[in-house]
Amino acid sequence: MKTTDTPPTGDAQIPAPRAGQVPPVTKVAAPVEGKREGGVLNVFSHGVLIIWAIMVVTPLLWAVMTSFKTDRAIFTSPWSLPDALHFDNWSRAWTQAHMSEYFLNTVLVVGGSLIGTLLFGSMAAYVLARFEFPGNRFLYFLFIGGMSFPIILALVPLFYVMQNMALLDSIHGLILVYIAYSLPFTVFFLTAFFRTLPTSVAEAAFIDGASHTRTFFQVMLPMAKPGLISVGIFNFLGQWNQYLLPTVLNTDPDNKVLSQGLVQLAVSQGYKGDWSGLFAGLVMAMLPVLAAYIVFQRQVVAGLTAGAVK
């Protein structure tokens, strides 16, 4: 009597392949647990970014929307869209509230201080990063120490220094203060950036007979463009929104900057009830900052990530 063979169980051994036969390939299942954890982490991080973006963008959009409303619509329906675009709010804030004068003064102060900060900061950072001399590390840490010094502690002595030098209530005096205020961070940032640049390019320029000045301005400084744009954006944001320094050192009504003008507009228009003009002036102060970041956002990211991977 013949008996049927039972099928092999899971523990049964796989028969060895015959001569000339390719052994069967066993497939190994990919780890699914790691993918699930990565997917959950991505969903969580994207959710946090979306919530953060909503928290940042919503006030900006609400301020822009409110600047085109009437005073009555601001209080009766603050979250609704404006029934019409009231551009007279902008013209009233630009002319009657003297926002045009404040805007021009701010452009002069920030433009002059930004150029001076990038010029002197890049020169100091290049020397500290590329040359070895006695006192190099001391000067570098001196700039770093300037970053940790609160500016509020220097207001009183700075006021008397500016008064003795006849620089109070002047545009050029405020420019010099802004440059000195922004130099520590600029030198710290650009020193690390110049250290990541290749030395072979500078050596080739020296071999061709270029001087140190020509090598810096024509070779190294163009290579540091991403870093200059990044630190320039940060300095622009800080100097454009600066309020404490001009309030103490610039009390002349003809030389007031935009931050001082916004405070004066908020006080005066608050009593008059011209809230639409106040929001129009607020949006005027925000637009240059937003435009600068939107235009140079790629350069900012490139400057921040430069040197991370060599």
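A residue is called buried when its relative accessible area is under 20%, exposed when over 50%, and partly exposed in between. With that scale in hand, the loop between α6 and α7 makes a good place to start in this predicted model. Asp169 lies in this loop, and its relative accessibility of 29% falls between the two cut-offs, so Asp169 counts as partly exposed. The backbone of Asp169 also deserves a look, since its phi is positive, at about 55 degrees, although the residue is not a glycine. Ala166 is found in the same loop, between α6 (155-164) and α7. Its phi, near 60 degrees, is likewise a positive value in a residue other than glycine. Most residues other than glycine have a negative phi. Ala166 has a relative accessibility of 64%, and therefore counts as exposed.

Moving on from the loop, Gly173 lies in helix α7. Its relative accessibility is 0%, so Gly173 counts as buried. Leaving aside residues up to four places away in sequence, Gly173 touches Met162 and Leu167. Gly173 can also be placed relative to Leu249: the two are 76 residues apart in sequence, while their C-alpha atoms are 8.5 Å apart in space.

The wider architecture gives these local details a setting. The chain has 14 helices and zero strands, so that reading from the N terminus on, every element in the series is an α. Of the 310 residues in the chain, 34% are buried. Contacts between residues at least 6 apart in sequence were also examined, and 74% of them join residues at least 24 apart.

Helix α9 (residues 212-223) offers a simple check on geometry. Its 12 residues, at 1.5 Å a residue, should span 16 Å, and the end C-alpha atoms are 15 Å apart, which agrees. Within α9, the residues Thr215, Phe216, Met220 and Leu221 are buried. These four cover an arc of only 140 degrees around the axis, and therefore sit on the same side of α9. The cover over the buried residues of α9 includes α4 (99-130), α7, α8 (199-207) and α10.

Attention now turns to the empty space in the model. Rolling a probe the size of a water molecule over the atoms shows where empty space is left. The largest pocket holds about 370 Å³ of space. Its lining consists of 14 residues, and those that lie nearest its centre are Gly146, Met147, Tyr181, Ser182 and Pro184. Two or more lining residues come from each of α5 (136-148), α7 (171-195) and α10 (225-240). Among these helices, α7 gives the most to the lining, with five residues. In terms of class, the lining of the largest pocket is made up of nine nonpolar and five polar residues, with no charged residues.

The second largest pocket has a volume of about 170 Å³. Its lining is formed by Val56, Val57, Leu60, Met286, Val289, Leu290 and Tyr293. The helices that give two or more residues to this lining are α1 (32-66) and α13 (275-295), and α13 gives the most, with four residues. By class, the lining of the second largest pocket divides into seven nonpolar, no polar and no charged residues.

Enclosed space was counted as well, with one cavity of 30 Å³ or more found in the model. About 50 Å³ of space lies in this largest cavity. The residues that line the cavity are Thr106, Val109, Val110, Tyr178, Gln239, Trp240, Gln242, Val257, Leu258 and Ser259. Helices α4, α10 and α12 (258-272) each give two or more residues to the lining, and α4 gives the most, with three. The lining of the largest cavity has six nonpolar, four polar and no charged residues.

Helix α7 thus links several parts of this account: the helix holds the buried Gly173, helps to cover the buried residues of α9, and gives the most residues to the lining of the largest pocket. Helix α10 also recurs, as part of the cover over the buried residues of α9, in the lining of the largest pocket and in the lining of the largest cavity.

Key
Residues numbered from 1 in each chain as written. Predicted model: local features only at pLDDT ≥ 70, side-chain atom pairs only at ≥ 80, totals over all residues. Heavy atoms only, no water. 1 Å grid on protein atoms, 1.4 Å probe; cavity = no way out; pocket = protein on both sides within 12 Å on 5 of 7 lines; lining within 4 Å. Points joined across faces, edges and corners; volume = space filled by probe spheres on them. Nonpolar A, V, L, I, M, F, W, Y, C, P; charged D, E, K, R; others polar. Expected span 1.5 Å × (residues − 1). Buried < 20%, exposed > 50% of the residue type's maximum accessible area, 1.4 Å probe, protein only. Arc of directions from axis to C-beta. Contact = heavy atoms within 4.5 Å.
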